[in-house]
Amino acid sequence: MKYRIKKETKPKLPTFGKYKAVAVHNQTIESRQLFEEAASRGMTISGGVLEGLMMTVAETVRRHLQMGDKVRLKGFGLLKLEIESEKVDNLKDFRAKKHIRGVRLHFIPESEKGSPELYQGITFEKDKPIKDN
């Protein structure tokens, strides 16, 4: 996994002005490519059929998440939605429309004995710096 060193630029953060590693994402793999790759790995169904199945699963997962359910995908991990809200001093002052800022998707990779397979084997390589024009 490639990374770049970046300076924190948000003045309100306690880490303002400090440097951190950020992941470099080279490309976005579209679902169609994933379906074709998966189908070519010895499956007896086509990429198109797999795409139809996955779109149905994705819609079902989305519906359950929106209803407040957690969804565990075997071999992948747990998905759940979490609310981000401002904090108030008095319970009676809380108003959803005013204090809820948004919703975030949390993904917890499947793990065995606390070691997620998703993270195993990752090595880190510093990316070449971008030259200013």
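**Reviewer's note: hairpins, sheet and pockets**

1. A good place to start is a turn: in the hairpin that β3 and β4 form, three residues lie between the strands, and one residue, Gly75, has a positive phi near 85°. Strands here are DSSP runs of E with at least two residues, helices are runs of H or I with at least four, and both are numbered from the N terminus. Please keep in mind that this is a predicted model, in which local features need pLDDT of at least 70 and side-chain atom pairs count only at pLDDT 80 or more, while totals for chains, interfaces and linings use all residues. Residues are numbered from 1 along each chain as its sequence is written, and side-chain values use heavy atoms, with hydrogens and water left out.

2. Staying with that hairpin, β3 covers residues 71–73 and β4 covers residues 77–85, and three bridges pair them in the antiparallel sense. Two strands pair if DSSP finds at least two bridges between them. Leu73 of β3 has Gly77 as its bridge partner in β4. β4 also pairs with β5 (residues 100–109), antiparallel again, over nine bridges. Within that pairing, Leu81 stands opposite Leu105 of β5.

3. Now for the chain as a whole. It has three helices and eight strands, and in sequence order they read β-β-α-α-β-β-α-β-β-β-β. The C-alpha trace spans about 60 × 50 × 40 Å along its principal axes. The radius of gyration of the chain is 20 Å, whereas a compact globule of 133 residues would come out near 14 Å; the value is taken over C-alpha atoms, and the globule rule is 2.2 Å times the number of residues to the power 0.38.

4. Burial fits into the same overview: 13% of the 133 residues count as buried. Buried means under 20% relative accessible area, exposed over 50%, and partly exposed in between, with a 1.4 Å probe and protein chains only. As for contacts (heavy atoms within 4.5 Å), take those between residues at least 6 apart in sequence: 29% of them join residues at least 24 apart.

5. A three-stranded open sheet deserves a look on your screen. Its order is β2-β1-β8, and its pairing is mixed. β2 (19–23) and β8 (125–126) are the edge strands, each pairing on one side only. β1 (residues 2–7) runs parallel to β8, and two bridges join them. One residue to pick out is Tyr3, whose bridge partner in β8 is Lys126.

6. How exposed is Ala23 of strand β2? Ala23 counts as partly exposed because its relative accessible area is 37%. Beyond its neighbours within four places in sequence, Ala23 contacts Lys2 and Tyr3. Leu13 is ten residues from Ala23 in sequence, and their C-alpha atoms are 20 Å apart in space.

7. His99 belongs to helix α3 (residues 96–99). Is His99 buried or exposed? His99 has a relative accessibility of 6%, so it counts as buried. Setting aside neighbours within four places in sequence, its contacts are Glu84, Ser85, Glu86, Val88, Asp93 and Phe94.

8. On to the pockets. The largest has a volume of about 350 Å³. A pocket is an open set of points on a 1 Å grid over the protein atoms alone, where a 1.4 Å probe fits and protein lies on both sides within 12 Å along at least five of seven lines; lining residues have an atom within 4 Å of a point. Points are joined across faces, edges and corners, and the volume is the space filled by probe spheres set on them.

9. The lining of this largest pocket includes Ser31, Leu34, Phe35, Met54, Leu73, Phe76 and Leu79. Helices α1 (31–39) and α2 (47–66) each supply at least two lining residues, and α2 gives the most, with five. By class, ten lining residues are nonpolar, one is polar and none is charged. Here Ala, Val, Leu, Ile, Met, Phe, Trp, Tyr, Cys and Pro count as nonpolar, Asp, Glu, Lys and Arg as charged, and the others, Gly among them, as polar.

10. Met54 makes a handy landmark in that lining. Met54 sits in helix α2 and, at 37% relative accessibility, counts as partly exposed. Phe35 is 19 residues away from Met54 in sequence, with 8.5 Å between their C-alpha atoms.

11. The second largest pocket has a volume of about 230 Å³. Gly75, the hairpin residue with the positive phi, helps to line this pocket, along with Phe76, Glu110, Ser111, Glu112, Ser115, Glu117, Leu118 and Gln120. The classes here are two nonpolar, four polar and three charged residues.
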